[in-house]
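The following exercises concern the structure shown below. Please attempt each task before reading its solution.

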Amino acid sequence: MRGLLARRMKFHLIGAFVVSMGSAVLFKFAVAEPRKQAYADFYRNYDPMKDFEAMKAAGVLESAPSK
């Protein structure tokens, strides 16, 4: 039983490090990269004036009355 805590601690520390690195890599490639790509795709063809005119026509903006 001598040294049992030290051996188990080493095993669990290595395991925790591997699981945390795996989770970080999984999050990066499963969530962060697709999200960045979606934003890039959206803003590639985004026309802010067209969006402004649509909101103005719908009456969403109080400072720019619709005609």
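**Exercise 1.** Determine which span is expected for helix 1 (residues 4–44) at 1.5 Å a residue.

*Solution.* Helices are DSSP runs of H or I with at least four residues, and strands are runs of E with at least two, numbered from the N terminus. The expected span is 1.5 Å times one less than the number of residues. For the 41 residues of helix 1 this gives 60 Å, and the end C-alpha atoms are 58 Å apart, which agrees. Helix 1 nevertheless bends by about 35 degrees at Lys28, the bend being the angle between axes fitted to the seven residues ending there and the seven starting there.

The model is predicted: local features need pLDDT of at least 70, side-chain atom pairs count only at pLDDT 80 or more, and totals for chains, interfaces and linings use all residues. Residues are numbered from 1 along each chain as its sequence is written, and side-chain values use heavy atoms, with hydrogens and water left out.

**Exercise 2.** Establish why the protein is described as more spread out than a compact globule.

*Solution.* First, the protein has 2 helices and 0 strands. Next, its radius of gyration is 26 Å, well over the 11 Å from the globule rule for 67 residues, so the protein is more spread out than a compact globule. The radius is taken over C-alpha atoms, and the rule is 2.2 Å times the number of residues to the power 0.38. Finally, the C-alpha trace spans about 85 × 25 × 10 Å along its principal axes.

**Exercise 3.** Locate Glu53 and classify its exposure.

*Solution.* Glu53 belongs to helix 2 (residues 48–58). Its relative accessible area is 38%; buried means under 20%, exposed over 50%, and partly exposed in between (1.4 Å probe, protein chains only). Glu53 is therefore partly exposed.
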